[in-house]
Amino acid sequence: MTTPYLPMDLVEEIVCRVPLNSMRALRLTCKGLYTLSKTPRFMKKIGATREGETGMIVLMDYNLYLVSVVVKGDFSAELKGKLTCLNDSDQVKISKVFHCEGLVLCILKDDTRFVVWNPYCGETKWIKPRYSYDRCQERFCYALGYVNKKFCRSHKLLRFIDYYKHISGIQSICYEIYDFDTDLWTNLAVTPHWRISSNNLGVSLKGNTYWCASERPPSGHDRFNNHLICFDFTKESFGPLMPLPFSPKYKDFVTLSCVKEEKLSALLQRFEPDPCEVEIWITTKIEAKKVSWNKFLIVDMRLGISYKLESFFIDEEKKVAMSFDKTFNCYVVNIIGEAGYFEQVDLRKSGDNNYRPCACAFVPSLMQIKQPERGQRKDQSILEKRPFDQNKLRALRLAYFTKA
């Protein structure tokens with residue numbers, strides 16, 4: 001007797017329905033499934049099968065979870081499971097997470113290492129910062145991007161701190177970039193005429209990263225996020241301040257999100273009594289130096305939204321916005337829409353009362369992470385080492401004056 005086999009089309013149909021957090025374990029069962037999971041045709045089939053479903057990677061209690069949000073028909077959100085593909089995952093605590101077209105940048109709580117990870121393929125790359133201090137770790141900003149080359153992408157990691165303390169007069173400005181190809185950190189000569197808040201998470205779009213930013217007044221006092229700024233990873237430089245489609249006041253909250261890796265969306269949350277509302281806009285044109293907007297949604301906050309919508313995503317077709325947050329001792333997914341539509345779904349109980357969730361949209365990708373060849377790393381030049389030592393001293397001084 002011959003062993004029966006299934007047609008390849010049927011195998012693809014079955015395998016593409018496996019939850020993404022279980023895909024890595026399935027690929028390791030046999031060579032055939034491993035090869036199948038790496039084909040572009042299979043990746044396309046995954047997207048078609050999960051139409052109407054949005055995959056989210058959500059950071060809760062220092063761990064990453066895969067969440068499925070469905071807005072087709074009745075709204076639903078389901079916690080698929082914990083992502084445990086990182087080595088020593090039981091000991092690793094993640095404090096921040098960033099997404100760039102299938103790759104995820106995780107910043108560890110102790111700030112001793114970073115890891116760039118492809119959750120679908122299971123590939124990882126560990127990166128060690130040149131200096132690290134727990135007491136000022138929260139002051140650093142990060143961004144993951146890439147440069148398009150002829151046959152591949154060259155990824156880079158931007159890390160910077162721009163901190164000014166008015167009482168003591170302490171100021172620390174340091175911009176540096178890590179190149180995946182050379183495995184080297186390089187100092188960037190930046191004289192910022194803007195200010196990006198350390199709790200303002202950037203959004204990756206087509207290889208570059210965008211932040212909400214404010215003008216940098218001579219007094220050093222922050223105003224509010226009334227502009228948009230882009231870091232171009234090809235030029236390794238920031239562009240000019242660009243206007244946001246609204247004028248936030250001092251107490252208002254502003255944040256960004258990515259729409260299908262093609263557009264940006266900007267959210268303004270007004271906490272003043274008149275008007276007490278949420279505005280969401282979408283870009284109609286976005287470049288490093290030019291942007292135009294179109295209004296997407298206005299929601300009355302008297303529906304019961306009393307917290308900041310820090311991690312939000314939109315569905316253009318359904319005309320709704322989703323956000324992740326924590327209420328009391330539970331992590332929740334909220335959905336808001338036109339005509340006063342508001343719904344909330346519980347995900348799981350929270351462990352750390354002071355911890356806020358962070359989410360990013362996730363699309364499976366075959367993108368490989370560049371690993372430096374053995375012996376490829378170069379020694380740091382004397383000219384490069386001098387500003388590095390100066391930045392290290394600034395960070396030491398800032399850490400000394402910053403409360404633990």
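# A tour of the sheet, salt bridges and cysteines

Start by selecting S265, which stands opposite I282 in β20. Strands here are DSSP runs (E, at least two residues), numbered from the N terminus. Before you go on, keep in mind that you are looking at a predicted model: local features need pLDDT of at least 70, side-chain atom pairs count only at pLDDT 80 or more, and totals for chains, interfaces and linings use all residues. Residue numbers run from 1 along each chain as its sequence is written, and side-chain values use heavy atoms, with hydrogens and water left out.

**Stop 1: strand β19 and its partners**

Select residues 263-269, and you have strand β19. Is this strand mostly covered or mostly open? Mostly covered: six of the seven residues in β19 are buried, where buried means under 20% relative accessible area, exposed means over 50% and partly exposed is in between (1.4 Å probe, protein chains only).

Now add residues 253-259, which make up β18. Over seven bridges, β18 and β19 pair in the antiparallel sense; two strands count as paired if DSSP finds at least two bridges between them. For a spot to zoom in on, try V259, whose bridge partner in β19 is K263. Follow the chain around and you'll see that β18 and β19 form a hairpin, with three residues between them. Click on K260 in that turn: its phi is positive, at about 55 degrees.

Next, bring in residues 277-286, strand β20. Here β19 and β20 run antiparallel, and five bridges join them.

**Stop 2: the whole sheet**

Add residues 291-300 for β21. How many bridges link β20 and β21? Nine, again in the antiparallel sense. On that seam, pick W281, whose bridge partner in β21 is K295.

With all of this on screen, you have an open sheet of four strands in the order β18-β19-β20-β21, with antiparallel pairing. The edges belong to β18 and β21; each has a single partner strand, so one side of each is left without a neighbour in the sheet. Rotate the view to look for the twist, which averages 25 degrees from one strand to the next. (The strand axes are lines fitted to C-alpha atoms, and the angles run from 0 to 180 degrees between N-to-C directions.)

**Stop 3: salt bridges around R270**

Stay close to the sheet and show the side chains of D252 and R270, which meet in a salt bridge (3.4 Å, N to O). The cut-off for a salt bridge is a side-chain nitrogen of Lys or Arg within 4 Å of a carboxyl oxygen of Asp or Glu. D252 lies in the loop between β17 (242-243) and β18, and R270 in the loop between β19 and β20, so the pair ties together parts that are 18 residues apart in sequence. D252 counts as buried because its relative accessibility is 12%, and R270 is buried too, with a relative accessible area of 12%.

Which other residue forms a salt bridge with R270? Select E279: its closest N and O atoms to R270 are 3.6 Å apart. Both R270 and E279 are buried.

Elsewhere, select R130, R159 and E176, which are joined into one network by salt bridges that share partners. A search of the whole structure finds eleven salt bridges.

**Stop 4: D181 and K149**

Another of the salt bridges is formed by D181 and K149, with their closest N and O atoms 3.2 Å apart. This pair links distant parts of the chain, 32 residues apart: D181 sits in the loop between β10 (170-179) and β11 (184-187), and K149 in the loop between β8 (140-148) and β9 (153-165). D181 counts as buried at 16% relative accessibility, whereas K149 is partly exposed, with a relative accessible area of 46%.

**Stop 5: the cysteines**

How many disulfides are there? Zero, taking a disulfide as a pair of cysteine sulfur atoms within 2.5 Å. Select C106: its nearest cysteine sulfur, that of C360, is 8.4 Å away. Then select C358, where the nearest cysteine sulfur is again that of C360, at 6.7 Å. Both are covered: C106 counts as buried at 0% relative accessibility, and C358 counts as buried at 11%.

Finish at C330, placed in strand β24 (residues 330-337) and buried at 16% relative accessibility. Leaving aside neighbours within four places in sequence, C330 is in contact (heavy atoms within 4.5 Å) with D325, D346, L347, R348, K349 and S350. Of these, try L347: its C-alpha atom and that of C330 are separated by 7.2 Å, with the two residues 17 apart along the chain.
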